[in-house]
Amino acid sequence: MPSLPSTSSSNSRKKYDVFLSFRGEDTRNNFTDHLYDALSRSGIVTFRDDPKLEAGEEIAPELFTAIQQSWCSVIVFSQTYAFSSWCLEELAEIVKQHNNDGHKVFPIFYDVDPSDLRKQKEKVEEAFARHEERYKEDSEKIQRWRNALIQVAGIKGWHLNNR
């Protein structure tokens, strides 16, 4: 697996080395905090959203900018990641940057099976049933989220089991 840049100077045209995408309620106060601290201690400039931002319905524009200004994204897929329209919007932007500009993507499967994400089974299936109900008028958005999830779940990543 490719390694992350060792310092922010390795890619001076980007503001961040890493954009962290995660579901706050699942991993913010445990795994993601530890990961963020370890990256920071290693001199890796990491963007992590402010917990206050998640209170809103729509994704904050500064998150799209942060993704665009990052060399790579580390996506922490967890049990309820797919229930968050916010996370799925981030994921779709990450995939767009990956496909168009070579943005690197490093998935972490935290207590979740990547095949459930790819096949959209179990909790992922339940999450999309809710999204389809909520966004009936925007099937294009739902399909963009599904495609992004399938694409990233197919990338070799790290598997962590917290049980």
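**View 1. Helix 2 and helix 3 where their axes come within 10 Å.** In this predicted model, the axes of helix 2 and helix 3 cross at roughly 30 degrees, and the crossing is right-handed. On the side of helix 2, the contact is made by Leu63, Phe64, Ile67 and Gln68, and these meet Trp86, Glu89, Glu90, Glu93, Ile94 and Gln97 of helix 3. Sorted by character, the residues of this contact divide into 5 nonpolar, 2 polar and 3 charged.

**View 2. The open sheet of 5 strands, with helix 2 and helix 3 lying across strands of the sheet.** The strands follow the order 2-1-3-4-5, and their pairing is parallel. Strand 2 (46–47) and strand 5 (158–160) are the edge strands, each of them pairing on one side only. Helix 2, which spans residues 61–68, lies across strand 1 (16–22), strand 2 and strand 3 (70–77), and runs at about 130 degrees to strand 1. Helix 3, spanning residues 85–101, lies across strand 1, strand 3 and strand 4, and its angle to strand 1 is about 140 degrees.

**View 3. Strand 4 beside strand 5, with the ring pair of Phe106 and Trp158.** Strand 4 (residues 104–110) and strand 5 run parallel and are joined by 3 bridges; Ile108 has Trp158 of strand 5 as its bridge partner. By the ring-pairing rule, the count for the model comes to 8 aromatic pairs. In one of them, the ring centres of Phe106 and Trp158 are 6.1 Å apart and the planes stand at 35 degrees, so the pair is tilted. This pair links distant parts of the chain, since Phe106 belongs to strand 4 and Trp158 to strand 5, 52 residues apart. Phe106 counts as buried at 4% relative accessibility, whereas Trp158, with a relative accessible area of 37%, is partly exposed.

**View 4. The edge-to-face pair of Tyr135 and Trp145.** The two rings have their centres 5.5 Å apart and their planes at 90 degrees, so the pair counts as edge-to-face. Tyr135 lies in the loop between helix 5 (123–134) and helix 6 (139–153), while Trp145 is in helix 6, so the pair ties together parts that are 10 residues apart in sequence. Tyr135 is buried, with a relative accessible area of 15%, and Trp145 is likewise counted as buried, at 0% relative accessibility.

**View 5. An aromatic cluster of Tyr16, Phe19 and Phe47.** These residues form one cluster; the range of strand 1, 16–22, takes in Tyr16 and Phe19, and that of strand 2, 46–47, takes in Phe47.

How values were computed
Residues numbered from 1 in each chain as written. Predicted model: local features only at pLDDT ≥ 70, side-chain atom pairs only at ≥ 80, totals over all residues. Heavy atoms only, no water. Pairing = 2+ DSSP bridges. Helix = DSSP H or I, 4+ residues; strand = E, 2+ residues; numbered from the N terminus. Contact = heavy atoms within 4.5 Å. Axes fitted to C-alpha atoms, helices over the stretch in contact; angles between N-to-C directions. Left-handed = near helix turned anticlockwise from the far one by under 90°. Nonpolar A, V, L, I, M, F, W, Y, C, P; charged D, E, K, R; others polar. Phe/Tyr/Trp six-rings, centres within 6.5 Å; stacked < 30°, edge-to-face > 60°. Buried < 20%, exposed > 50% of the residue type's maximum accessible area, 1.4 Å probe, protein only.
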